[in-house]
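Open the model in your viewer and keep the selection tool at hand. We will go stop by stop, choosing a part and seeing what is there.

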Amino acid sequence: MRRLLEFVRRSRRANGSPPPEKTPAGLARRRCVMLVLALTSSAMAGDLQPAGFATTRTDLNAKDQARVIAVTRPTTDFSRPEPFELMQGGAGTSRKDVSRDSFSQSSANITFEEEGDFKLGNALFRKNWVSSPSSTQASDGLGPLFNERACQNCHLKDGRGRPPQGDPGTTSMFLRLARDASSVEEKAALADHEVLNFPDPVYGRQLQELAVPGLPGEGRMHIDYQERKVELTDGSVISLRKPSYSVDGLGYGPLDPRTTLSPRLTPPMIGLGLIEQIAPSDILAQADPDDRDGDGISGRPNIVRDSLNGELTLGRFGWKAQTASIRQQAADAFAGDIGISTPEEPKHWGDCTAAEAKCLAMPNGVQQRLGPVEAPPPVMDLVTFYSQNLAVPSRRDLDRPDVLAGKKTFYEIGCIACHTPKFVTRRDTPNKAQAFQLIWPYSDFLLHDMGPDLADGQAVGDATGNEWRTPPLWGIGLTETVNGNSFFLHDGRARSLAEAILWHGGEAQKARDRFAAANAAERDALLKFLESL
C-alpha cells in the first residue's frame with residue numbers, strides 16, 4: 001500500500017503539486033487515503049485500481065497468501081538446501097545435462113502441442129532477415145540500418161552478449177543514445193510517461209553499426225579501458241577495468257552534444273515468462289524509495305506506460321526496467337536491432353530518422369498478402385511464446401558445504417537486500433505452465449542507485465543515470481559454459497564475478513565492502529554459491 005502511495009505522490013510532484021504536508025492534518029489525510037485504498041483493493045478485487053498496481057494479491061485466497069509468505073521468507077538455516085531449491089525455475093526447470101545449450105531448453109511443464117510452438121518460435125528467433133527486395137517474400141525487410149540479422153545473433157545461445165574483442169562483426173553489445181528533456185513540452189511528456197527519454201536528432205535511439213548495401217552504417221563503438229587495482233583487506237589485489245566510450249567513423253555527421261552513450265550488453269533469455277508473472281504487488285512491496293527503514297537500500301519501480309494498451313504499469317524488463325512485457329521487448333528489439341516492423345512497432349525503416357533521408361528512401365519488406373508489417377502477428381506470437389518458455393536450468397552442487405557456506409555469506413553481507421531470492425508467481429496466468437510456481441531469480445526487479453562508477457548518465461523513464469534494475473542471478477554460474485566468457489554487468493566490464501561485486505557502489509557499497517573485507521575462504525565460498533545458480 002505504501003508503495004502505491006509513493007507512486008501517487010511522485011506523480012503529483014511531476015504535475016507541479018506540492019508534497020503532502022508533514023502536519024497532523026496532513027498525516028490524517030494520508031491515513032484516510034490509505035484506508036480508502038485498502039478498502040477498495042480488498043472489496044473491489046482490483047477492478048478500480050490502475051493497471052498493474054494492485055496493493056494486494058487478488059489471485060490468492062487467504063490460505064494461499066499465508067503459504068506464499070511462509071515459503072518466500074528468507075531462510076536462516078544454512079546447514080542444508082531449502083525445499084525445492086534445486087528447481088529454481090519451478091516445475092518448468094530444465095534438468096538436462098549441463099552443456100552449451102543449457103539456456104536453450106523449453107520449459108519442462110509445457111504441453112506437447114506447445115512444444116511445437118516453442119520450436120517454431122526458436123526457428124524464427126534464429127532466422128536471418130535479408131534486405132529488400134528479395135526473392136524470399138517472407139524474410140526481407142532488414143534494416144536499412146541495423147545491428148544484427150537475427151535475434152539469436154545478439155542473444156548468443158540464448159545467453160548474454162559480450163563486449164567488442166577486436167574481431168569483425170557485431171558483438172551483442174550496443175550503444176543506446178538519448179538526451180534529457182530540454183523544453184516544457186518534453187518535460188510534460190516525461191512526467192506523463194508518454195516517452196522514456198529523447199533520441200539523438202540524427203542517429204535516433206541506438207547506434208546502428210551495419211547497413212544494407214548502398215548505405216553507410218552509422219559508426220562503430222570504441223572502448224578504451226583503464227586498469228584499476230583494488231586491494232582487499234587481506235592483501236589480495238584484483239584489477240578492475242574502467243571503460244570509456246566513443247564512436248568512430250560517424251556516417252551522418254556529429255552526434256548532438258547533449259546525447260549520452262549508454263552501452264548495453266544483451267542479457268540471458270531464461271525465465272522471462274516467469275518474471276512476467278510475478279505479481280506486481282510482490283515487487284512493489286519491496287520498494288523503499290525514501291529508505292524509511294534506514295538500511296541504505298532505496299529500491300524503487302520504473303513506472304512506464306504500456307505501449308500495447310496505453311495504461312501505466314510496472315516496468316520489469318531491460319537494464320533499467322523500462323519495458324513492461326516480453327512482447328513489447330521483442331517488438332522493440334525487432335525495430336531497434338534488426339529494423340523489422342511489427343504490429344506493436346510498425347517502423348518499416350527501424351531506427352532511421354528524418355535526418356537520414358537515404359535510409360528512409362530504401363525499400364521495405366512489407367508483403368501485402370501477409371499484412372501491413374514485415375513481421376506479422378503470427379511471427380510475434382511465436383517469438384513471444386519462445387521467449388516466455390526458455391527454461392531456467394536446475395541448480396548444481398547446492399548441498400556442498402562450501403556452497404552452503406557461500407550462501408550464508410551472501411545473505412549475511414546484505415546481497416539479498418536487492419537480490420531477493422524467491423517469489424511465487426500468480427495463479428491466474430495466461431499459461432498454466434507459469435502459474436503458482438516457486439521461483440528463485442535472486443532479484444527484486446527494482447531500480448537501485450549503483451554509484452558513480454557504474455553510472456551511464458542516461459535517464460530512462462523514472463530511472464536516473466545512476467540507477468539500474470537488479471539483474472536476476474539464476475543461471476549466472478553457467479555463463480562460461482554457454483557463452484564461452486565471463487563478462488558481467490551492463491557493459492561487460494567485469495571479467496569475473498569477483499570483479500562484478502567489486503564494481504558495486506551506491507546502495508550496494510556496504511555489501512561490496514563486506515565482500516572486500518571477508519577472508520579468502522569466505523569470498524571463495526560466496527563465489528561458489530553464485531556459480532551453483
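Select residues 220-231 and 237-248. These are strands β4 and β5, which run antiparallel and are joined by 12 bridges. This is a predicted model. Now pick out Asp224. Which residue of β5 is its bridge partner? The partner of Asp224 is Ser244.

Move to the turn of this hairpin. Five residues lie between the strands. Click on Gly235 there: its phi is positive, near 95 degrees.

**The whole protein**

Zoom out and show everything. The protein has 16 helices and 12 strands. It has 533 residues, and 54% of them count as buried. Next, consider contacts between residues at least 6 apart in sequence. Of these, 69% join residues at least 24 apart.

**Helix α9**

Select residues 326-338. This is helix α9, with 13 residues. Set a distance between the C-alpha atoms at its two ends: they are 17 Å apart. At 1.5 Å a residue, the helix should span 18 Å, so the two values agree.

Which residues of α9 are buried? Colour these: Ile326, Gln328, Ala330, Ala331, Phe334, Ala335, Gly336, Asp337 and Ile338. Now show what they pack against. Their partners are β1 (145-146), α5 (151-154), β2 (173-178), α7 (272-276) and α11 (377-388). Step off the end of the helix to Gly339, which follows α9. Gly339 has a positive phi, near 80 degrees.

**The largest cavity**

Time to look for empty space. Rolling a probe the size of a water molecule over the atoms shows where such space is left. Two cavities of 30 Å³ or more turn up in this structure. The largest has a volume of about 70 Å³. To find it, select Ser107, Leu274, Gln388, Leu390 and Gln434, which are the closest to its centre among the 13 lining residues.

What kinds of residue make up the lining? Six are nonpolar, seven are polar and none is charged. Helix α7 gives the largest share of the lining, with three residues.

**Gly271**

Go to Gly271, in the loop between β6 (260-265) and α7. Buried or exposed? Gly271 counts as buried, because its relative accessibility is 2%, under the 20% cut-off. Leave aside its neighbours within four places in sequence, and Gly271 is in contact with Leu390, Val392 and Trp474. Now add Thr93 to the selection. Gly271 and Thr93 are 178 residues apart along the chain, yet their C-alpha atoms are separated by 9.0 Å.

**Gln458**

Next, select Gln458. This residue sits in the loop between β11 (447-449) and β12 (467-469). Gln458 counts as buried, since its relative accessibility is 2%. Show its contacts, again without neighbours within four places in sequence. Among them are Arg176, Leu177, Ala178, Asn197, Thr260, Leu261 and Lys320.

**Arg258**

For the last stop, choose Arg258, in the loop between β5 and β6. Arg258 counts as partly exposed, because its relative accessibility is 42%, and that class lies between 20% and 50%. Beyond its neighbours within four places in sequence, Arg258 is in contact with Ala178, Arg179 and Ser182. Finally, add Leu177. This residue is 81 places along the chain from Arg258, and 9.9 Å separates their C-alpha atoms.

Definitions and conventions:
Residues are numbered from 1 along each chain as its sequence is written. This is a predicted model: local features need pLDDT of at least 70, side-chain atom pairs count only at pLDDT 80 or more; totals for chains, interfaces and linings use all residues. Side-chain values use heavy atoms; hydrogens and water are left out. Helices (H or I, at least four residues) and strands (E, at least two) are DSSP runs, numbered from the N terminus. The expected span of a helix is 1.5 Å times one less than its number of residues. Buried means under 20% relative accessible area, exposed over 50%, partly exposed in between (1.4 Å probe, protein chains only). Contact means heavy atoms within 4.5 Å. On a 1 Å grid over the protein atoms alone, a cavity is a set of points where a 1.4 Å probe fits but cannot get out, and a pocket is an open set with protein on both sides within 12 Å along at least five of seven lines; lining residues have an atom within 4 Å of a point. Grid points are joined across faces, edges and corners, and a volume is the space filled by probe spheres set on the points. Ala, Val, Leu, Ile, Met, Phe, Trp, Tyr, Cys and Pro count as nonpolar, Asp, Glu, Lys and Arg as charged, and the others, Gly among them, as polar. Two strands pair if DSSP finds at least two bridges between them.
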